[in-house]
Amino acid sequence: MKVLEQLHGGLIVSCQAYPGEPMLDPRTMAQVAASVVRGGAVGIRAKGLDDLRAIREAVSVPIIGLVKVGSDGVFITPTLDDCLAVADTGVEIVALDGTRRRRPDGLTLAQTIDGLRQAYPDVLVMADCGSPADAAAAADAGADILGTTLAGYTGERPKTEDPDWECVEGVVALGRGPVFAEGRIHTPEQAAEAMRRGATAVVVGTAITHPASITRWFADAVARD
Ligand SMILES: CC(=O)N[C@H](C=O)[C@@H](O)[C@H](O)[C@H](O)COP(=O)(O)O
């Protein structure tokens, strides 16, 4: 089955740990990925070359791979070299910054996607966008999948507490290709809502794979009582 068909209508789980965290370990992330597949995840999103290689060994569902370079500006798989390194781990999809901001290697998004395609013709490209305008430009640049990943993180749109539904709907309304709703989807109801609003698939990270955040939600609720 084709990769997009495998992901269509399903839940993709983002398995990421961050610098300094106890779970930042490829074996741990591979175990988390294998666990979420047991729960029904049709795909995995993950970051870092070592994590991606370990997860590739552990699961057979499609993987959306990325690297993070820093944590502000253009930081999700920012350069063509980063894209090539991610593709080399054997992932089906490379996620990259899909905004209209200047990239650190000076290439345009279209040049980056072309360069990746020349080397890895079968790898799909997910553009992590911060707004519908980003998504329209990313579609023009040749992205295969439009993600709402960066809505609320680029300054273009407010960081809503809930998922940015307006952005999801705006990207869907473009009618320019599959839309993966991602970012602050914290409950099963919100995941279902994303599908109702026209998403092709839903990506959930923190609420499934980040115990420190989930625990904080509960701890704060208990402390408030
Ligand atoms: C903005 C940014 O850096 N997003 C990252 C992208 O890979 C991850 O840190 C998020 O966990 C992921 O997008 C899933 O979102 P949420 O964890 O909200 O379900």
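# A tour starting at helix 7

Select helix 7 and show its surroundings: the cover over its buried residues includes helix 6 (132-140), strand 6 (145-147), strand 7 (179-182) and helix 8 (188-196). What you have on screen is a predicted model.

**Stop 1: helix 7 itself**

Which residues of helix 7 are buried? Colour residues 165-174 and pick out Cys167, Val168, Gly170, Val171 and Val172, the buried residues of this helix. Then step just past the end of the helix, to Gly175, which has a positive phi near 65 degrees.

**Stop 2: Thr148**

Next, select Thr148, which sits in the loop between strand 6 and helix 7. Is Thr148 buried or exposed? A residue counts as buried from 20 other C-beta atoms within 10 Å, and Thr148 has 34 of them, so Thr148 is buried. Display the contacts of Thr148 beyond four places in sequence: they are Cys129, Asp164, Cys167, Val168, Val171, Ala181, Glu182 and Gly183. Among them you will recognise Cys167, Val168 and Val171, which are buried residues of helix 7. If you have a distance tool at hand, try the C-alpha atoms of Thr148 and Trp165: the two residues are 17 apart along the chain, and these atoms are separated by 9.6 Å.

**Stop 3: the whole protein**

Zoom out now and switch to a cartoon view. The secondary structure comprises 10 helices and 8 strands. Hide the helices for a moment: 8 strands close into a barrel, in the order 1-2-3-4-5-6-7-8, with parallel pairing. Between neighbouring strands of this sheet the average turn is 25 degrees, direction ignored. Bring back helix 4 (residues 80-87), which packs on the sheet and touches strand 3 (63-66) and strand 4 (93-97). The directions of helix 4 and strand 4 make an angle of about 155 degrees.

For overall dimensions, the C-alpha trace spans about 55 × 35 × 35 Å along its principal axes. The radius of gyration is 16 Å, which agrees with the value near 17 Å that a compact globule of 225 residues would have. Of those 225 residues, 44% count as buried. Among the contacts with a separation of 6 or more, 57% are between residues 24 or more positions apart.

You may also like to colour by confidence: the mean pLDDT is 98, and 100% of the residues reach 70 or more. The model scores are ipTM 0.99 and pTM 0.98.

**Stop 4: strand 1 and its two neighbours**

Select strand 1, residues 11-15. All 5 of the 5 residues are buried, so strand 1 is largely enclosed by the rest of the structure. Turn on the side chains to follow their directions: Leu11, Val13 and Cys15 point one way, Ile12 and Ser14 the other way.

On one pairing, strand 1 meets strand 2 (residues 43-47) in the parallel sense over 4 bridges; look for Cys15, whose bridge partner in strand 2 is Ala46. Strand 1 also pairs with strand 8 (residues 201-204), again in the parallel sense, over 3 bridges. There, Leu11 has Val202 as its bridge partner.

**Stop 5: the nonpolar core**

Keep Ile12 selected. Along with Ile55 and Val94, Ile12 touches the most other members of the largest nonpolar core, which has 62 residues. The element that gives the most to this core is helix 2 (residues 26-38), with 5 residues. Nonpolar side chains tend to be buried together in soluble globular proteins. Beyond four places in sequence, the residues that Ile12 touches include Ala41, Ile44, Ile64, Phe180 and Val203.

**Stop 6: strand 4**

From Ile64, follow the bridge to its partner in strand 4, Ile93. Strands 3 and 4 run parallel and are joined by 2 bridges. Strand 4 is largely enclosed by the rest of the structure, because 5 of its 5 residues are buried.

**Stop 7: two loop residues with positive phi**

Finish with a pair of loops. Thr77 lies between strand 3 and helix 4, and Arg184 between strand 7 and helix 8. Neither is a glycine, yet phi is positive at about 40 degrees for Thr77 and about 60 degrees for Arg184. How do their surroundings look? Thr77 has 29 other C-beta atoms within 10 Å and is buried, whereas Arg184, with 18 C-beta neighbours inside 10 Å, counts as partly exposed.

Methods:
Residues are numbered from 1 along each chain as its sequence is written. This is a predicted model: local features need pLDDT of at least 70, side-chain atom pairs count only at pLDDT 80 or more; totals for chains, interfaces and linings use all residues. A nonpolar core is a set of buried Ala, Val, Leu, Ile, Met, Phe, Trp, Tyr and Cys residues joined through C-beta atoms within 7 Å. A residue is buried if 20 or more other C-beta atoms lie within 10 Å of its own, exposed if 12 or fewer, and partly exposed in between; C-beta atoms are placed from the backbone. Two residues are in contact if their C-beta atoms, placed from the backbone, lie within 7 Å. Two strands pair if DSSP finds at least two bridges between them. Axes are lines fitted to C-alpha atoms, for helices over the stretch in contact, and angles run from 0 to 180 degrees between N-to-C directions. pLDDT is the predictor's confidence in each residue, from 0 to 100. The radius of gyration is taken over C-alpha atoms; the globule rule is 2.2 Å times the number of residues to the power 0.38.
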